[in-house]
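Subject: Structure for your attention

Dear colleague,

Please find the structure below, together with a short account of what was found in it. I would be grateful if you would read the account with the structure open beside it.

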Amino acid sequence: MSNKEQVDQEMNLKDENLNEEMTENSSPEMDFEGEEPQVGSDDQKLAYEVADLKDKYLRLYSDFENYRKRTAKERLDLISTASEDVLSDLIPVVDDFERAFKASENEEEVSKVREGNYLIFQKLVKILGSKGLKPMEDLIGKPFDAETQEAITQIPAPSAELKGKVVDVIEKGYVLGDKVVRYAKVVTGA
């Protein structure tokens with residue numbers, strides 16, 4: 001039996017026990033309209049208060065358990081469909097690539113094929129940018145930053161001012177908001 005099935009089974013048993021306790025502990029003297037029943041002794045009043053508080057506690061506990069189960073289910077649903085929005089926006093780009101491949105089969109002018117591919121590339125970059133993905137730009141000549149860059153190799157610096165700085169970018173890095181999605185692969189000057 002998986003952990004999820006065990007947790008579900010335990011939760012169902014707790015709910016059944018909670019419902020049994022609520023029916024066992026409900027006092028015939030209790031009035032759920034908020035009015036206290038007419039009782040004579042202090043012991044009866046205290047017993048009524050205890051039963052009333054226990055009933056309120058059990059109802060509150062039951063409500064919290066239901067809330068916890070509902071939010072756990074919503075969280076699982078959200079995780080399983082988190083990328084749906086991005087993927088639905090990328091489908092038209094895939095369609096454009098398929099049309100471009102089909103159109104370029106008989107095309108003899110390379111410049112037209114290149115221009116079509118560039119238009120599709122721009123569309124893809126625009127969609128990714130609208131989702132918050134931004135490339136790391138202008139890294140050459142800047143100091144090496146281990147927080148956002150990965151040094152592939154070091155070469156002798158072409159000039160004195162490039163020592164310890166980025167000389168070349170092998171792969172662009174990308175950030176999503178403030179989080180690095182892909183570190184930039186760079187060559188640094190020694």
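Does Arg-68 count as buried, partly exposed or exposed? Arg-68 has a relative accessibility of 32%, so it counts as partly exposed. Please bear in mind that the model is a predicted one.

Arg-68 is a convenient place to begin, as it forms a salt bridge with Glu-65, in which the closest N and O atoms are 2.9 Å apart. Both residues belong to helix α2, which covers residues 42-80. They lie 3 residues apart, about one turn of that helix. Glu-65 has a relative accessible area of 6%, and it is therefore buried. In total, the structure holds 11 salt bridges.

A second salt bridge is found in helix α3, which covers residues 84-104. Here Arg-99 pairs with Asp-96, and the closest N and O atoms are 2.4 Å apart. These two residues are separated by about one helical turn, because they are 3 residues apart in the helix. Asp-96 has a relative accessibility of 15%, which is under the 20% cut-off, so Asp-96 counts as buried. Arg-99, at 52%, is over the 50% cut-off and therefore counts as exposed.

The salt bridge between Lys-172 and Glu-137 has its closest N and O atoms 3.9 Å apart. This pair links distant parts of the chain, with the two positions 35 residues apart in numbering. Lys-172 is located in the loop between β3 (166-171) and β4 (174-176), while Glu-137 is located in the loop between β1 (133-135) and β2 (149-155). Lys-172 counts as partly exposed, at 38% relative accessibility. Glu-137 also counts as partly exposed, at 46%.

Asp-96 and Arg-99 deserve a further remark: together with Lys-123, they are joined into one network by salt bridges that share partners.

Finally, I turn to helix α4, which consists of the 21 residues 110-130. How far should this helix span at 1.5 Å a residue? The expected span is 30 Å, and the C-alpha atoms at its ends are 30 Å apart, so the two values agree. After α4 comes Gly-132, which has a positive phi, near 105°.

With kind regards

Technical notes:
Residues numbered from 1 in each chain as written. Predicted model: local features only at pLDDT ≥ 70, side-chain atom pairs only at ≥ 80, totals over all residues. Heavy atoms only, no water. Salt bridge = Lys/Arg side-chain N within 4 Å of Asp/Glu carboxyl O. Helix = DSSP H or I, 4+ residues; strand = E, 2+ residues; numbered from the N terminus. Buried < 20%, exposed > 50% of the residue type's maximum accessible area, 1.4 Å probe, protein only. Expected span 1.5 Å × (residues − 1).
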